[in-house]
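Student: I would like a close look at a single part of this structure, taken slowly and with its surroundings. Please explain each term when it first comes up.

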Amino acid sequence: MIGRELINLVEKNGYYEVEFTDLTHDAMGVCKVDDFPIFVKEALKGEKALIKVIKLNKNFGFGRLIELFLESPFRKVPICEHYQACGGCNTMHMNYQTQLDFKKYRTVETLRKLGRIETVVQDTQGMNNPYYYRNKAIIPFGKHNGKIIGGLYRSRSHEIVNIKRCHIFPKVVSDMVRFFRSLFTELDVSIYDEATHEGLVRGLMFRHSRDQSQFSVTIITTSGRFPDKERIVNSLIGKFPIVVSVIQNINPEQTNVMLGAKSKVLYGKDVIEDNLLGINYEISHQSFYQVNPEQTEGLYKKAMDYAKIQPEDVVVDAYCGIGTIGLTASAYAGEVIGIEVVKEAIKNAQQNAKNNHVKNIRFITGKVEDILPTLKQRVDVLFIDPPRKGVDKKVLESIIKSKVKRVVYISCNVSTLARDLNFLQANHYKVVEVTPFDMFPQTAHIETVTLIERLES
Ligand SMILES: C[S@@+](CC[C@H](N)C(=O)[O-])C[C@H]1O[C@@H](n2cnc3c(N)ncnc32)[C@H](O)[C@@H]1O
């Protein structure tokens with residue numbers, strides 16, 4: 001063991017005895033060496049350990065756990081054999097209650113530090129079984145030592161970890177990944193190489209209905225020419241009859257984004273169906289759909305509680321995707337307007353309204369920042385559910401100008417939420433309450449729903 005007294009300066013490759021006093025937003029343990037912060041994967045608050053410093057930046061560094069001297073009582077042995085290598089999960093070494101407490105703590109701290117918001121933050125709403133919950137998986141494929149591999153990326157890298165079994169996707173998705181690896185090997189399918197930008201198959205995307213009766217498989221290729229497609233589709237549906245849709249997505253770009261703009265249906269339909277809170281949805285492979293249906297139901301119920309919609313109310317569902325929040329709200333409201341930029345998603349939303357016989361909803365294709373300021377109707381309740389980058393300033397200005405009484409903000413990024421709430425709080429709105437939902441167990445991602453009300457004066 002290397003004694004603390006032997007080392008005075010922080011050095012790359014140096015060994016240090018440390019105590020962890022906090023966790024970063026992505027669940028790394030925070031310790032200090034000579035007052036210099038070092039972040040270490042898989043370390044928990046209160047633990048004491050020997051670490052090796054592996055990277056030094058100007059204001060902080062990264063370390064690796066070498067030996068634990070004092071173990072946290074909240075530590076758990078991860079159930080996944082790939083946990084250390086794979087970047088998919090990063091809180092599996094905490095017991096589940098600690099994961100939930102961590103998410104509440106991060107929400108409170110981020111709102112306070114980045115947004116200067118002191119409000120009621122409820123306990124994080126967790127799952128009974130926080131595994132096998134994800135209804136969508138994107139699996140990059142590549143080659144390693146001449147062998148075809150497919151799995152998830154290592155954290156902060158584009159190196160593929162060849163996954164045997166993942167514990168956040170249903171088991172059958174891991175079975176399908178294994179099936180594709182051997183089929184591609186057998187047929188000698190050309191696999192894309194990121195380094196040379198050569199090869200055909202970039203990866204796969206799986207999506208399934210909650211009861212796992214319908215799976216859609218998207219094969220992402222660099223070109224429209226796909227010589228083995230018939231044999232691949234026939235083998236796939238022969239082995240997995242739950243696959244109701246096979247799509248080829250074409251992405252010729254040299255980019256980190258997996259899906260390209262063009263797609264063609266190779267087998268079955270271009271949508272799968274699912275049900276949330278009694279409403280049926282058609283979802284195309286390019287539309288956004290929440291990845292954890294059980295938690296989504298809880299989240300939407302809480303959003304409806306916060307919204308307190310009255311029968312005459314005009315409700316706007318901004319960033320509506322395939323219309324899930326608006327369609328849920330339509331049962332309580334006079335009129336609902338959904339706004340969404342992706343045309344495919346709006347097509348799904350319109351079809352979903354029709355299939356569920358909902359007449360008091362309409363959808364507008366476009367950016368919320370362009371459409372919301374031009375709406376002629378009064379708006380009583382506004383739902384906003386933006387992507388990770390949060391809400392455009394024009395949207396916030398439009399909310400303030402329109403004097404909407406109640407805003408329900410669903411967020412998957414507590415930092416941009418804090419920024420946006422700070423602006424509203426400074427402009428006649430009060431942040432009444434926040435409830436975090438554990439939409440992404442075993443990872444540090446936090447989903448929240450927030451009630452914001454217009455101040456009377
Ligand atoms: C987090 S998702 C929420 C979708 C939906 N509310 C749900 O619960 O399934 C965000 C959605 O906003 C859409 N989007 C992103 N930027 C947008 C913008 N500037 N204006 C309108 N929609 C946008 C995305 O296509 C995506 O469907």
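Tutor: Val 233 lies in helix H3, which runs over residues 229-239 (helices are DSSP runs of H or I with at least four residues, strands runs of E with at least two, numbered from the N terminus). The model is predicted, so local features need pLDDT of at least 70 and side-chain atom pairs 80 or more, while totals for chains, interfaces and linings use all residues. Residues are numbered from 1 along each chain, and side-chain values use heavy atoms, without hydrogens or water.

Val 233 is buried, because its relative accessible area is 7% (buried is under 20%, exposed over 50%, partly exposed in between, with a 1.4 Å probe and protein chains only). The C-alpha atom of Val 233 is separated by 43 Å from that of Thr 98, a residue 135 positions away along the chain.

Let us now turn to the part that deserves the close look, the surroundings of the ligand. There are 18 residues around the ligand, and Tyr 300, Tyr 319, Glu 340, Val 368 and Asp 385 are the ones that come nearest (near means a heavy atom within 4 Å). An N or O atom in the side chain of Glu 340 is 2.7 Å from an oxygen atom of the ligand, and a polar side-chain atom of Asp 385 lies 2.9 Å from a nitrogen atom of the ligand. A polar backbone atom of Val 341 is 3.2 Å from a nitrogen atom of the ligand. Taken alone, the ligand exposes 600 Å², and the protein buries 90% of that area (Shrake-Rupley method, 1.4 Å probe). Helix H5, residues 324-329, and helix H7, residues 368-371, are the elements that each give two or more residues to the shell around the ligand. By class, this shell has 10 nonpolar, 4 polar and 4 charged residues (Ala, Val, Leu, Ile, Met, Phe, Trp, Tyr, Cys and Pro are nonpolar, Asp, Glu, Lys and Arg charged, the others polar).

Tyr 319, one of the residues that come nearest to the ligand, has a positive phi of about 65° although it is not a glycine. The place of Tyr 319 is in the loop between strand S17, residues 314-318, and H5, and Tyr 319 is buried, since its relative accessible area is 16%. Arg 116 also has a positive phi, of about 50°, without being a glycine. Arg 116 is found in the loop between helix H1, residues 96-115, and strand S7, residues 120-121, and with a relative accessible area of 68% Arg 116 is exposed.

One more place completes this look, the second largest pocket, which is lined by 24 residues, with Phe 141, Gly 142, Lys 143, His 158 and Ile 160 nearest its centre (on a 1 Å grid over protein atoms alone, a pocket is an open set with protein on both sides within 12 Å along at least five of seven lines, and lining residues have an atom within 4 Å of a point). Strand S8, residues 136-144, strand S9, residues 147-153, and strand S10, residues 160-162, each give two or more residues to this lining. S8 gives the most, with 5 residues. The lining of this pocket divides into 12 nonpolar, 6 polar and 6 charged residues.

Notes: Polar contact = N/O pair within 3.5 Å; in protein donor to acceptor, adjacent residues only side chain to side chain. 1 Å grid on protein atoms, 1.4 Å probe; cavity = no way out; pocket = protein on both sides within 12 Å on 5 of 7 lines; lining within 4 Å.
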